[in-house]
Amino acid sequence: IDEVAWAGADPASHARLLASKAANEVELWAWSLAPGERYDSAANPAGWQDMVVVTQGTLTFHARGEAPRRISQNDFHVFASDRDHGYLNESDTVVCFIRNVIY
């Protein structure tokens with residue numbers, strides 16, 4: 001979606017609806033990965049989605065069958081998590097991100 005859904009009087013005040021997906025369950029996670037750290041996940045059942053928003057640094061996302069994708073601070077990625085996937089910090093500073101797991 002990635003659209004401004006609300007704007008205040010000051011241009012610095014706004015809300016962006018990044019994506020909308022939900023059926024039965026939503027998990028909200030706050031993550032941090034130290035330099036060189038990685039998290040690998042086995043495939044979730046069909047129908048599961050992940051939504052990731054990077055709040056600090058640059059995160060490298062990888063999924064089976066895809067080229068690695070770098071997600072910069074204040075950027076996001078939404079994907080079907082029904083395949084092996086994971087997150088990697090290839091930088092020399094801590095990377096922080098918010099992850100929603102949705103079914």
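What pLDDT does the chain average, and what percentage of the residues score at least 70? In this predicted model, the chain averages a pLDDT of 91, and 100% of the residues score at least 70. The briefing below takes up two open sheets, one in which 4 strands follow the order β4-β9-β6-β7, and another of 4 strands in the order β3-β10-β5-β8.

**Confidence along the chain**

- Among the elements of the chain, strand β2, which covers residues 14-17, has the lowest mean pLDDT, at 78, while β7 has the highest, at 98.
- Where pLDDT is low, the predicted coordinates should not be read in detail.

**The sheet β4-β9-β6-β7**

- The pairing in this open sheet of 4 strands is antiparallel, and because β4 (38-41) and β7 (69-72) stand at its edges with a single partner strand each, one side of each is left without a neighbour in the sheet.
- Neighbouring strands of this sheet are turned against each other by 20 degrees on average, with direction ignored.
- Strand β4 is joined by 4 bridges to β9 (residues 85-88), and these two strands run antiparallel; the bridge partner of Ser-41 in β9 is His-85.

**The sheet β3-β10-β5-β8**

- Here too the 4 strands pair in an antiparallel manner, and the edge strands, β3 (26-33) and β8 (76-80), each pair on one side only.
- From one strand to the next, the twist in this sheet averages 20 degrees.
- Between strand β5 (residues 49-56) and strand β10 (residues 95-102), which run antiparallel, there are 7 bridges, and Val-54 stands opposite Phe-97 in β10.

Note on methods. Residues are numbered from 1 along each chain as its sequence is written. This is a predicted model: local features need pLDDT of at least 70, side-chain atom pairs count only at pLDDT 80 or more; totals for chains, interfaces and linings use all residues. Side-chain values use heavy atoms; hydrogens and water are left out. Two strands pair if DSSP finds at least two bridges between them. Axes are lines fitted to C-alpha atoms, for helices over the stretch in contact, and angles run from 0 to 180 degrees between N-to-C directions. pLDDT is the predictor's confidence in each residue, from 0 to 100.
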